[in-house]
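Reader: Before the discussion begins, please place the sequence and the model side by side. I should then like to proceed by short questions.

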Amino acid sequence: MRIETENLSYVYSQSSKALAVHALSGVSLTIEEGEFFGIIGHTGSGKSTLIKMLYREEKPTNGSIMLGGVNVAKLKNRK
């Protein structure tokens, strides 16, 4: 099953917009079925946030996550 993200963004908001943290901004990627990949980067670069969004622990602030042609970012939790 193909996984695609398009223009994916995530903002950890605080009570003040001045304290908002942009964990991801404009991430687009495609992972083909059977493909092996890794995610590397510095501490705080958004690796864990991206993974959490792929398995729906977190929902993106903007963008889409397509899994087999379905935008899972828009699914309700009960689905």
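Reader: What relative accessibility does Arg2 have?

Author: This is a predicted model, in which local features need pLDDT of at least 70 and side-chain atom pairs count only at pLDDT 80 or more, while totals for chains, interfaces and linings use all residues. Residues are numbered from 1 along each chain as its sequence is written, and side-chain values rest on heavy atoms, with hydrogens and water left out. Buried denotes under 20% relative accessible area, exposed over 50%, and partly exposed the range in between (1.4 Å probe, protein chains only). Arg2 counts as partly exposed because its relative accessibility is 39%.

Reader: Which side chain meets that of Arg2 in a salt bridge?

Author: A salt bridge requires a side-chain nitrogen of Lys or Arg within 4 Å of a carboxyl oxygen of Asp or Glu, and by this rule the count comes to one. The N to O distance in the pair is 2.8 Å. The partner of Arg2 is Glu32.

Reader: How many residues apart are Glu32 and Arg2, and where do they lie?

Author: Glu32 is partly exposed, at 38% relative accessibility. Helices (H or I, at least four residues) and strands (E, at least two) are DSSP runs numbered from the N terminus. In these terms, Glu32 lies in the loop between β2 and α1 and Arg2 in the segment before β1. The pair thus links distant parts of the chain, with a separation of 30 residues.

Reader: What pattern of elements does the protein chain follow along the sequence?

Author: The protein chain has one helix and four strands. Its C-alpha atoms fill a box of roughly 40 × 30 × 20 Å, taken along the principal axes. Read along the sequence, the pattern is β-β-α-β-β.

Reader: In what order do the four strands stand in the sheet?

Author: Strands pair if DSSP finds at least two bridges between them. The sheet is open and its pairing is antiparallel, in the order β2-β1-β3-β4. β2 and β4 each have a single partner strand, so one side of each is left without a neighbour in the sheet. The order is therefore bounded at its edges by β2 and β4.

Reader: How many bridges join β1 to β2, and how many join β1 to β3?

Author: In the pairing with β2 (21-31), Val11 has His22 as its bridge partner. Towards β3 (62-67), Thr5 is bridged to Ile65, and Ile3 to Leu67. Both pairings run antiparallel. Seven bridges join β1 to β2, and the number joining β1 to β3 is five.

Reader: Which residue takes a positive phi in the hairpin of β3 and β4?

Author: Two bridges join β3 to strand β4 (residues 70-71), and these strands run antiparallel. Within this pairing, Met66 has Asn71 as its bridge partner. The hairpin has two residues between the strands, and the positive phi, near 60°, belongs to Gly68.

Reader: Which residues of α1 are buried?

Author: Helix α1 spans residues 47-54. What covers its buried residues includes β1 (3-12), β2 and β3, where contact means heavy atoms within 4.5 Å. The buried residues are Thr49, Leu50 and Met53.

Reader: How wide is the arc that these residues cover around the axis?

Author: The arc is that of the directions from the helix axis to the C-beta atoms. Its small width puts the buried residues on the same side of α1, for they cover an arc of only 100°.

Reader: With which residues is Leu29 in contact beyond its neighbours within four places in sequence?

Author: Leu29 lies in strand β2. This residue is partly exposed, with a relative accessible area of 24%. Leaving aside the close sequence neighbours, its contacts are Ile3, Glu4, Thr5 and Leu50.

Reader: Which residues form the nonpolar patch on the surface?

Author: Patches are made of residues with over 30% relative accessible area and no salt bridge; like charges are joined within 9 Å, and nonpolar side chains (Val, Leu, Ile, Met, Phe, Trp, Tyr) within 5 Å. One of the members, Ile39, lies in the loop between β2 and α1 and is partly exposed at 31% relative accessibility. With about 350 Å² of accessible area together (Shrake-Rupley method, 1.4 Å probe, only the protein chains shown counting as cover for residues), the patch consists of Phe37, Ile39, Ile51 and Tyr55.
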